[in-house]
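Here is a short set of exercises to work through with the model open beside you. Try each task before reading its solution.

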Amino acid sequence: MSTPRILAGFVPHLYRIQTFAAEDAGMSEPWRLSAALLLLLPVAACSRAARPELPDGSHAHTITVDGRERAYRTYRPVALPPGPVPLVLVLHGGAGSGAQAERSYGWDARADRDGFVVVYPDGVNRSWNAGPGCCGPATRDGVDDVAFLEAVVAETGRRVPIDPARVRAAGMSNGAMMAYRLACDSTVVTAIAPVAGIVIGDCPSPAPVSVIHIHGTEDHSVPWSGGPGKRDNDGTGRVPIRIDGPPVPDLVAGWRDRAGCPPPAERITGAVTTTTADCPGGRVIELVSVAGAGHQWPGATRPGAAAERLLELDPPSGALDATATIADFFTALT
């Protein structure tokens, strides 16, 4: 995918060189073209090698995928360990953004502590195409978000050494659904952490990923007990939303079954219940439920009372730090 973008970027330079050569009446047409190509080749080679290193700190970027300019943010700690490092994709929820996810969930601080790169992609019009009917403009317009996220991982890996065995995705709500979709349709990630989301559409042969799924038992947008969420419109209209899945425990049990896992062990700490299965091939499938919690990222920074009322957001639970829990899970896989 990178090669067509590079070649497209050189078309104006080729045009300028050919035009300049054509003005030289003392050179035949074949020689003019050959000279133009000879001039172009070293420039193209240098450009391919000159992609700048990913800068430290938080930065905004764009990339063109399927003819559409897409945006994403990266965070690189000042002190990364030597050699290839892990990468975590953090996928915002519906109506969110990469910048909002970076502010709200605390991944930058954890990256500083553990030494990994974080990428915060933006969905199209604040939505992800996670499957048939969900969600929003991205689904309505048939956006290929799997291709976008694969391209972002590849581009980031060209600018900082990334360990492909430690590329992971965490997501909230529609972003959680997108994390599942990545595991269903791609092999770019080796572990996913959906928070308050489900699988949308078919997923007969997912990649052999580890999974930690976090969900509040009082979530009415993506119900813990399954069935339509409160914003479900059967995937119709200008903002399609189809959320009508199985009970969350059944969903996670299905992933355990496909992975050939043994029965899970259960651990209860206050409002938090964790069921963990250590599966063949070093995979781990884990479900973390938070009793009484709604549709939210546990431990997140609250957006403010006005935003909560306007968007009908549930306040984040204080019973669990989802980011720390997910980061610990990812680290233990290595």
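**Exercise 1.** How many of the 8 residues of α3 are buried?

*Solution.* Please keep in mind throughout that this is a predicted model. Start with the cut-off: a residue is buried if its relative accessible area is under 20%. By that test 6 of the 8 residues of α3 are buried, so the helix is largely enclosed by the rest of the structure. Next, put names to them: Gly 98, Gln 100, Ala 101, Glu 102, Ser 104 and Tyr 105. Finally, step just past the end of α3, where Gly 106 has a positive phi of about 80 degrees.

For the wider setting, the chain has 10 helices and 12 strands. Of its 334 residues, 51% count as buried.

**Exercise 2.** Classify the aromatic pair of Tyr 105 and Trp 297, and find which parts of the chain it ties together.

*Solution.* First, take the geometry: the ring centres are 4.3 Å apart and the planes stand at 15 degrees. Planes under 30 degrees apart count as stacked, and this pair is stacked. Second, place the partners. Tyr 105 belongs to helix α3 (residues 98-105) and Trp 297 to the loop between β12 (284-290) and α9 (305-311), so the pair ties together parts that are 192 residues apart in sequence. Third, check accessibility: Tyr 105 and Trp 297 are both buried.

**Exercise 3.** Now do the same for Trp 128 and Phe 148, then find the charge that lies over the face of Phe 148.

*Solution.* The ring centres of Trp 128 and Phe 148 are 6.4 Å apart with planes at 20 degrees, so this pair is stacked too. Centres must lie within 6.5 Å to pair. Trp 128 sits in the loop between β4 (117-121) and α5 (136-140), while Phe 148 is in helix α6 (residues 145-157), 20 residues apart. Both Trp 128 and Phe 148 are buried. The charge comes from Arg 70, which lies over the face of Phe 148 at 3.8 Å from the ring centre.

Another such arrangement involves Arg 258, whose charged end sits over the ring of Trp 255, 5.0 Å from its centre. The count of aromatic pairs comes to 5.

**Exercise 4.** Describe how α4 and α10 pass each other, and which kinds of residue make the contact.

*Solution.* Begin with the axes: helix α4 (residues 107-114) and helix α10 (residues 322-332) come within 10 Å and cross at roughly 35 degrees. The crossing is right-handed. From α4, the contact uses Trp 107, Arg 110, Arg 113 and Asp 114. From α10 come Thr 323, Ala 324, Ile 326, Ala 327, Asp 328, Phe 330 and Thr 331. Sorting these contact residues gives 5 nonpolar, 2 polar and 4 charged.

The spacing has a simple background. An α-helix has 3.6 residues a turn, so residues three or four places apart point the same way.

**Exercise 5.** Is Leu 182 buried or exposed, and which residues does it touch beyond its neighbours in sequence?

*Solution.* Locate Leu 182 in helix α7 (residues 174-185). Its relative accessibility is 0%, so Leu 182 counts as buried. Leaving aside neighbours within four places in sequence, Leu 182 is in contact with Leu 89, Val 146, Leu 149, Ala 169, Val 188 and Val 189.

For a strand example, turn to Thr 274 in β11 (residues 272-278). Thr 274 is buried, at 6% relative accessible area. Not counting residues up to four places away, Thr 274 touches Ala 265, Glu 266, Arg 267, Glu 286, Leu 287 and Val 288.

**Exercise 6.** Look at the backbone: where do Ala 196 and Asp 234 lie, and which peptide bond is cis?

*Solution.* Ala 196 is in the loop between β6 (191-195) and β7 (210-216). Although not a glycine, Ala 196 has a positive phi of about 60 degrees. With 1% relative accessibility, Ala 196 counts as buried. Asp 234 lies in the loop between β8 (227-228) and β9 (244-245), and its phi is positive, near 65 degrees. Asp 234 counts as partly exposed, at 46% relative accessibility.

The cis bond runs from Cys 134 to Cys 135, with omega near 10 degrees. Cys 135 is in the loop between β4 and α5.

How values were computed: Residues numbered from 1 in each chain as written. Predicted model: local features only at pLDDT ≥ 70, side-chain atom pairs only at ≥ 80, totals over all residues. Heavy atoms only, no water. Axes fitted to C-alpha atoms, helices over the stretch in contact; angles between N-to-C directions. Helix = DSSP H or I, 4+ residues; strand = E, 2+ residues; numbered from the N terminus. Left-handed = near helix turned anticlockwise from the far one by under 90°. Contact = heavy atoms within 4.5 Å. Nonpolar A, V, L, I, M, F, W, Y, C, P; charged D, E, K, R; others polar. Phe/Tyr/Trp six-rings, centres within 6.5 Å; stacked < 30°, edge-to-face > 60°. Buried < 20%, exposed > 50% of the residue type's maximum accessible area, 1.4 Å probe, protein only. Lys NZ or Arg CZ within 6 Å of the ring centre and 35° of its normal.
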